[in-house]
Amino acid sequence: MNMAGYLGNKSDNVVHHLAEMTPDCKIVQIKKSEKTYFIPDTLEEAIKEKFIRCKYCIQS
Ligand SMILES: [Zn+2]
């Protein structure tokens, strides 16, 4: 799989920016079945799909 820019957590609807992720994001705890990616792989698309910016890795 290609390197994705953004990762969505379907269990809490939070979107993370993988290049900026921090330990507080707890991305390793997200189950594979809860992960979603965006096409196109942009923050705008994630917001359009009702995801919320992660407060740790995405500065608004
Ligand atoms: Zn994050």
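Reader: In what order do the four strands of the open sheet stand?

Author: This is a predicted model, and its open sheet of four strands shows mixed pairing. S1 and S2 pair in the antiparallel sense over four bridges, S1 pairs with S3 (residues 35-36) in the antiparallel sense over two bridges, and two bridges join S2 to S4, which run parallel. Put together, these pairings give the order S3-S1-S2-S4.

Reader: Which strands stand at the edges of this sheet?

Author: An edge strand here has a single partner strand, so one side of it is left without a neighbour in the sheet. The strands that stand in this position are S3 and S4 (52-53).

Reader: Which residue in S2 stands opposite Tyr6, and which residue in S4 is the bridge partner of Val14?

Author: The first pair belongs to the antiparallel pairing of S1 and S2, where Tyr6 stands opposite His17. The second pair belongs to the parallel pairing of S2 and S4, where the bridge partner of Val14 is Ile52.

Reader: Are the residues on the two faces of S1 buried or exposed?

Author: In a regular strand the side chains alternate between the two faces of the sheet. In S1, Tyr6 and Gly8 lie on one side while Leu7 and Asn9 lie on the other. Both faces of S1 are covered, and these four residues are all buried.

Reader: Which elements give two or more residues to the largest nonpolar core?

Author: The largest nonpolar core has 10 residues, among them Tyr6, Leu7, Val14 and Val15, together with others that include Phe38, Phe51 and Cys54. The elements that give two or more residues to this core are strand S1 (6-9) and strand S2 (14-17).

Reader: Which residues does Cys54 touch, not counting residues up to four places away in sequence?

Author: Cys54 is one of the residues of the largest nonpolar core, as are Val14, Val15 and Cys25. Leaving aside residues up to four places away in sequence, Cys54 touches Val14, Val15, His16 and Cys25.

Reader: Where is the proline of the cis peptide bond between Ile39 and Pro40 placed?

Author: Most residues other than glycine have a negative phi, and most peptide bonds are trans. The bond that joins Ile39 and Pro40 is cis, with omega about -5°. The place of Pro40 is in the loop between S3 and helix H1 (43-48).

Reader: Lys26 and Lys50 each have a positive phi although neither is a glycine, so which of the terms partly exposed and exposed applies to each?

Author: Lys26, with a phi of about 55°, is placed in the loop between S2 and S3, whereas Lys50, with a phi of about 70°, is found in the loop between H1 and S4. Lys26 has 13 other C-beta atoms within 10 Å and is therefore partly exposed. Lys50 has 9 C-beta neighbours inside 10 Å and so counts as exposed.

Definitions and conventions:
Residues are numbered from 1 along each chain as its sequence is written. This is a predicted model: local features need pLDDT of at least 70, side-chain atom pairs count only at pLDDT 80 or more; totals for chains, interfaces and linings use all residues. A nonpolar core is a set of buried Ala, Val, Leu, Ile, Met, Phe, Trp, Tyr and Cys residues joined through C-beta atoms within 7 Å. A residue is buried if 20 or more other C-beta atoms lie within 10 Å of its own, exposed if 12 or fewer, and partly exposed in between; C-beta atoms are placed from the backbone. Two residues are in contact if their C-beta atoms, placed from the backbone, lie within 7 Å. Two strands pair if DSSP finds at least two bridges between them.
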